[in-house]
Amino acid sequence: MATQGVLGAATLKEFEEGLSGELVRPADAGYDEARQVWNGAHDGRPAVIARCADAADVRHAIGFARSEGLEVAVRGGGHSIPGFSTVDGGIVIDLSPMKAIEVDAGGRRATAEGGVLWSELDAATQEHGLAVTGGLVSTTGIAGFTLGGGIGWLMRKHGLTCDNLRSAQVVTADGRVITASAAQNSDLFWGLRGGGGNFGVVTSFEFDLHPVGPTVTAGPVFYDGARAEEVLRFYRGFAAEAPDELTSLANLLTAPPAPFLPEEWHGKKLIGLIGCYAGDVEQGAEAMRPLRELGEPVADLIGPMPYVQMQQLIDALWPRGIQTYMKAGYLRELDDPAIATLARFHQEAPGASEIHVQHFGGAIARVPEGDTAYGERGAPFVLNGCAISHEPGGLAPCVEWARSLYAELEPSLTGGGYVNFLAAEGQDRVRASYGEEKYARLQALKDRYDPTNLFHRNQNVLPSGAR
Ligand SMILES: Cc1cc2nc3c(=O)[nH]c(=O)nc-3n(C[C@H](O)[C@H](O)[C@H](O)COP(=O)(O)OP(=O)(O)OC[C@H]3O[C@@H](n4cnc5c(N)ncnc54)[C@H](O)[C@@H]3O)c2cc1C
């Protein structure tokens, strides 16, 4: 490998000696495991992987990358859909060993390091009956997730994850370790709430917590996919009236061979309505009742359950190593033509591909648009065409399907996008996700904190001089 040759043994040794964590090289036994990311569609072969133990290690790794001219990939939980957290021939600054979590139950705050996963933070906060909006799949990392925005089951009541960020410790491209909050480096703090990993490596996150559960009313109800249009029309009206406590989504899927679904339905098209009520269990049951009353459900799993169980409900359906691509945006409205298109593409979905229509609004829309870098808060629904293949080499037709779905839905879409659901779609799509005004503000931040674009393996905000 060219870069490795350029690096040389002595240079690497010096780097390793300054690292408290582990340095993994291509010849090391653990290399293949250490280089793996969640999305099996990406198979990067980094020259080195710096498994950082603390902020000093991150600083050391950034300095090394700069001095050796290495391309940088930053890894939290490793769930980047476009594979940004790996790289061919460069350095992975891997925060996954950084797992410290502190919960201040009285002050309703938690501090978590950059390698923490949602399963880990949820477990720690739920010990105190507290939580912050986290991912639908609990193996996802808090780091990339929060920096891009953070869409999860508590969002309509408690906001996006980034809305609950109080401060962050950041190692900048020039090796400074700084705090960003409303009081310190507030310009950077604005950019970290939606602007992704563009401005530095966040080694620790401080979140506001809220009382949640520990038991909540939540879960899915599934209907025959042939009824998708009828169910989506119902869902449109239901969502418009739903209380903020209820976050829900419509899931157009092919039934997996899961024990919670009757065997005769395995492999057939289903539409699931899934929700979580962040409030009183009985009120939750009442609020979710209409979802269960559409007649002849294939399976109805809505009921009281521990919040941590809800957070892990679909983990098994999203195992590490499956190949995935997403084509996503926001629906201006869930109009009849959009519903007809969604139903048609659902029937044609290849592999394990599925469509999510997630209800937005509530607390998300109450945060003024300009308060954070997050792209777009006003849309009623998020659309996510998830191309998924469990077969090696099977992703291409799924990607084609997701792109066609998006293209046909375009008249009903806002044109914006959520950066954590984007594929590697280029500058125009990144700009459109933020809008020109926010993009210009992000670019000014980039000029200030990362003018050489060291951190470019992300939904990249270009420094103003770059093309
Ligand atoms: C199975 C699955 C389920 C998902 N579910 C949801 C969901 O419910 N809601 C939602 O909003 N999103 C969801 N996503 C998308 C998810 O938010 C992004 O993939 C996110 O980037 C994952 O964060 P990570 O730390 O695991 O990713 P990584 O791959 O580790 O990082 C992704 C990018 O984030 C940046 N980054 C990571 N760590 C740091 C850091 N410490 N400092 C600075 N930059 C950093 C880097 O640019 C990096 O390339 C899901 C993704 C998957 C694969």
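**A guided look at the ligand and the aromatic rings**

Guide: In this structure, three elements, β3 (72-75), α6 (142-148) and β10 (201-208), each supply at least two residues of the shell around the ligand. The model is a predicted one. Helix α6 gives the most to that shell, with 4 residues.

Visitor: What makes the approach of Gly-78 to the ligand a polar contact?

Guide: A polar backbone atom of Gly-78 is 2.7 Å from an oxygen atom of the ligand. The limit for a pair of N or O atoms is 3.5 Å, so the pair counts as a polar contact. For Val-202, a backbone N or O atom lies 2.8 Å from a nitrogen atom of the ligand. Taken alone, the ligand exposes 940 Å², of which the protein buries 96%.

Visitor: Why are the rings of Trp-118 and Phe-207 called a tilted pair?

Guide: The structure as a whole holds 12 aromatic pairs. In this one, the ring centres are 6.3 Å apart, within the 6.5 Å limit, and the planes meet at 45°, neither under 30 nor over 60 degrees, so the pair is tilted. Trp-118 belongs to helix α5 (residues 118-126) and Phe-207 to strand β10, 89 residues apart, and the pair thus links distant parts of the chain.

Visitor: How do you know whether Trp-118 is buried or exposed?

Guide: Its relative accessibility is 0%, and buried means under 20%; therefore Trp-118 counts as buried. Phe-207, at 0% relative accessibility, also counts as buried.

Visitor: What places the charge of Lys-327 over the ring of Tyr-406?

Guide: The charged end of Lys-327 sits over that ring, 4.5 Å from the centre of Tyr-406, and the distance limit is 6 Å.

Note on methods
Residues numbered from 1 in each chain as written. Predicted model: local features only at pLDDT ≥ 70, side-chain atom pairs only at ≥ 80, totals over all residues. Heavy atoms only, no water. Polar contact = N/O pair within 3.5 Å; in protein donor to acceptor, adjacent residues only side chain to side chain. Areas by Shrake-Rupley, 256 points an atom, 1.4 Å probe, with all protein chains shown as cover. Phe/Tyr/Trp six-rings, centres within 6.5 Å; stacked < 30°, edge-to-face > 60°. Buried < 20%, exposed > 50% of the residue type's maximum accessible area, 1.4 Å probe, protein only. Lys NZ or Arg CZ within 6 Å of the ring centre and 35° of its normal.
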